[in-house]
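Thanks for coming, everyone. I have one structure to walk through today, so please have a look at it before I start.

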Amino acid sequence: MDRRTLLKSSIALAAWYGLPSAPLFAAARASSGIADGQSEAFSFDWLQQFAKGLAAKAYQSNVEQLPPTLANLTPQQYNAIGYDPDHSLWNRMNGPLDIQFFHVGMAFNQPVRMYSIDPGSQKAKEIHFRPDLFDYSKADVDVSQLEGQGDLGFAGFRVFKEPSLTERDIVSFLGASYFRAVDDTYQYGLSARGVTVNTYSDGNKEEFPAFTRFWFETPEKGATTFTAYALLDSPSLAGAYRFVIHCEDDRVVMDIDKHLYPRETIAQLGVTPMTSMFSCGTQQRDMCLTFHPQIHDSDRLSMWRGNGEWVCRPLNNPPRVQFNTFADDNPKGFGLLQTDHDFSHYEDIVGNYHKRPSLWVEPKGQWGKGAIQMLEIPTTGETMDNVVAFWKPEQAIEPGQTLSYGYKLHWSAQPPVKPDLARVRKTFTGIGGFPEGWAPGEHYPEVWAKRIAVDFIGGQLKHFYDNDIGIHTQLDVPEGDVKQLEILWVEEIDGFRIQFDWYPTSDSTDPINMRLNLTADDKAVSETWLYQYFPTPPEERNYPAHPAAS
């Protein structure tokens, strides 16, 4: 399955894309007993040994040929398949959490086996697929084609929590190793993945490792935390995962431990990958082809580096594929953030981008040397994720190794940590070359320039302003000329706006990596702004017609 097929299948679903689930998914309170397999011993140690042994063998794909009635479903038809609420996993517990399963269909043709762990015996029983677990009354499925097919497995699962139990799910695992969670808005946004292989690697085909089995520990009565285990498999590696998932009031926190076992040499292994969408924003308003002022699931990559430096890298919808590497040693955290939650900045009542959560990675232990890598792909709209970010270890990945990582994923409106320093609020771009309040015309030479403005807020900026302590800029722009640099106090945001005009000195359109931070009393007082600017092509470097020029 390629990236486009997988992403189109995933985002087309209402539950995956973030729209309300149909009422037929509501969990009822009845006894189900759907775990009907034979009882087998299970532990995380056993799963690690099983994954290690699997990696020592040749990979065997479990992708199945689906009956035409399932393989040819449209996204709308697929989403109309309901789950029978009498058969949700934990409905007999009458507690705050419950689990339902996704049907196979469309491009979701790699069966996922599900198991329920008995808390008393620590033994697991498989939950077998059977048509009577699902409600096909609103779906155009020829159920007769499912007869005699045997156990088709499931495509994934989702978790419900009161008071949203009859409205929306809060955690969803669906497609390859993709998964998502929400905060208190119950709005899905960006995705995480179990691992990536060769996302952007010369001469190496990208792989989509898949979770092929899940085991669920039955939670304590009344608990809002549960534990799931997963087996991951692909041509290049196998893996054993433990997810301790905390379904808190205002966020979901996943405490993850994973052990990876390579089958082959891997050129680019992506640990803790995140996948998001950036179509347009304040720094790229010309890319907003609809009436919406902004369209994005995330607006920046935020990094808390091992040396303590905080970095803000605004996201782009680039004119061509861009791949960037940010070297680090023992990172303290990083994530793709959605920092703007003002509805009026999006005016979108379908996508609800003002409600989309951020995702922050909190490493556990020492990860050593490596790099945060990010791929940005051009897109003309909002229907395909075009940003991927992950940690790539420096060490070579060879068969026979065991790679162990522990980390927490925080799905919340804002990350759980933030710098004491001033933070980047927004980045703006527009035409430059003339004073604010004027326009190009007879009073100013029509020499094309780009104006870039960066807002910094928080930290001690208000203290510096009130006490007349000078703020200085450390600005590095390696190409072109910088003029009209201004430091402006903006009362409405209690922060400083740094704006400058960039003048091209060549016809090059190669991206320019700009760097900026603020200092006071010879000390850094802000996080570092890193911005990748794409110079306008020479043939487009002119001002629009203006009455003052006539």
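**Cysteines first**

C312 is buried, with a relative accessible area of 1%. Keep in mind that this is a predicted model.

Let me stay with the cysteines. C247 is buried as well, at a relative accessible area of 2%. Is C312 in a disulfide, or in none? C312 is in no disulfide. The nearest cysteine sulfur belongs to C280, and that sulfur is 17 Å away. The cut-off for a disulfide here is two cysteine sulfurs within 2.5 Å, so C312 does not qualify.

How many disulfides are there, then? The count by this rule is one. That disulfide joins C280 to C288, with an S to S distance of 1.8 Å. As a reminder, a disulfide is a covalent bond between the sulfur atoms of two cysteines. The link between C280 and C288 is right-handed, with 100° about the S-S bond.

What about solvent? C280 has a relative accessible area of 0%, so it is buried. C288 is at 15%, and because the limit for buried is under 20%, C288 counts as buried too.

**A four-stranded sheet**

Next, please find the open sheet of four strands. Its order is β27-β28-β31-β30, and the pairing is antiparallel. Which strands sit at the edges? They are β27, residues 423-431, and β30, residues 481-490. Each of these edge strands pairs on one side only. On average, neighbouring strands in this sheet are turned by 15° against each other, direction ignored.

Look at the β27 edge in detail. β27 runs antiparallel to β28, residues 450-457, and eight bridges join the two. One position to click on is G430, which stands opposite R451 in β28.

**Cavities**

Now the empty space. Rolling a probe the size of a water molecule over the atoms shows where such space is left. How many cavities of 30 Å³ or more turn up? The count is five. The largest cavity has a volume of about 120 Å³.

Who lines the largest cavity? There are 16 lining residues. T282, Q283, D299, R300 and T427 lie nearest the centre. By class, the lining divides into four nonpolar, seven polar and five charged residues.

And β27 comes back here. With four residues, β27 gives the largest share of the lining of the largest cavity. β20, residues 310-314, and β27 each supply at least two lining residues.

**A covered strand**

On to β7, residues 156-161. How many of its six residues are buried? Six of the six are. In a regular strand the side chains alternate between the two faces of the sheet. Here both faces of β7 are covered. On one side, G156, R158 and F160 are buried. On the other side, F157, V159 and K161 are buried. Note that an arginine and a lysine are on that list, R158 and K161.

β7 has strand partners too. β3 and β7 pair in the antiparallel sense, over six bridges. Within that pairing, I99 stands opposite V159. β8, residues 169-174, also runs antiparallel to β7, and five bridges join them. There, the bridge partner of G156 is L174 in β8.

**Backbone oddities**

Two residues deserve a look for their backbone angles. M106 has a positive phi of about 55°, although it is not a glycine. Where is M106 found? It is in the loop between β3, residues 97-102, and β4, residues 113-118. Its relative accessibility is 12%, so M106 counts as buried.

T272 is the other one. Its phi is positive as well, about 50°, and T272 is not a glycine either. T272 lies in strand β16, residues 269-276. T272 counts as buried because its relative accessibility is 2%.

**One last threonine**

Finally, T212. Its place is in strand β12, residues 210-217. Is T212 buried or exposed? At 10% relative accessibility, T212 counts as buried. Now pick D233, which is 21 residues from T212 along the chain. The C-alpha atoms of T212 and D233 are separated by 6.8 Å.

That's my tour. Over to you for questions.

How values were computed
Residues are numbered from 1 along each chain as its sequence is written. This is a predicted model: local features need pLDDT of at least 70, side-chain atom pairs count only at pLDDT 80 or more; totals for chains, interfaces and linings use all residues. Side-chain values use heavy atoms; hydrogens and water are left out. Buried means under 20% relative accessible area, exposed over 50%, partly exposed in between (1.4 Å probe, protein chains only). Two strands pair if DSSP finds at least two bridges between them. Axes are lines fitted to C-alpha atoms, for helices over the stretch in contact, and angles run from 0 to 180 degrees between N-to-C directions. On a 1 Å grid over the protein atoms alone, a cavity is a set of points where a 1.4 Å probe fits but cannot get out, and a pocket is an open set with protein on both sides within 12 Å along at least five of seven lines; lining residues have an atom within 4 Å of a point. Grid points are joined across faces, edges and corners, and a volume is the space filled by probe spheres set on the points. Ala, Val, Leu, Ile, Met, Phe, Trp, Tyr, Cys and Pro count as nonpolar, Asp, Glu, Lys and Arg as charged, and the others, Gly among them, as polar.
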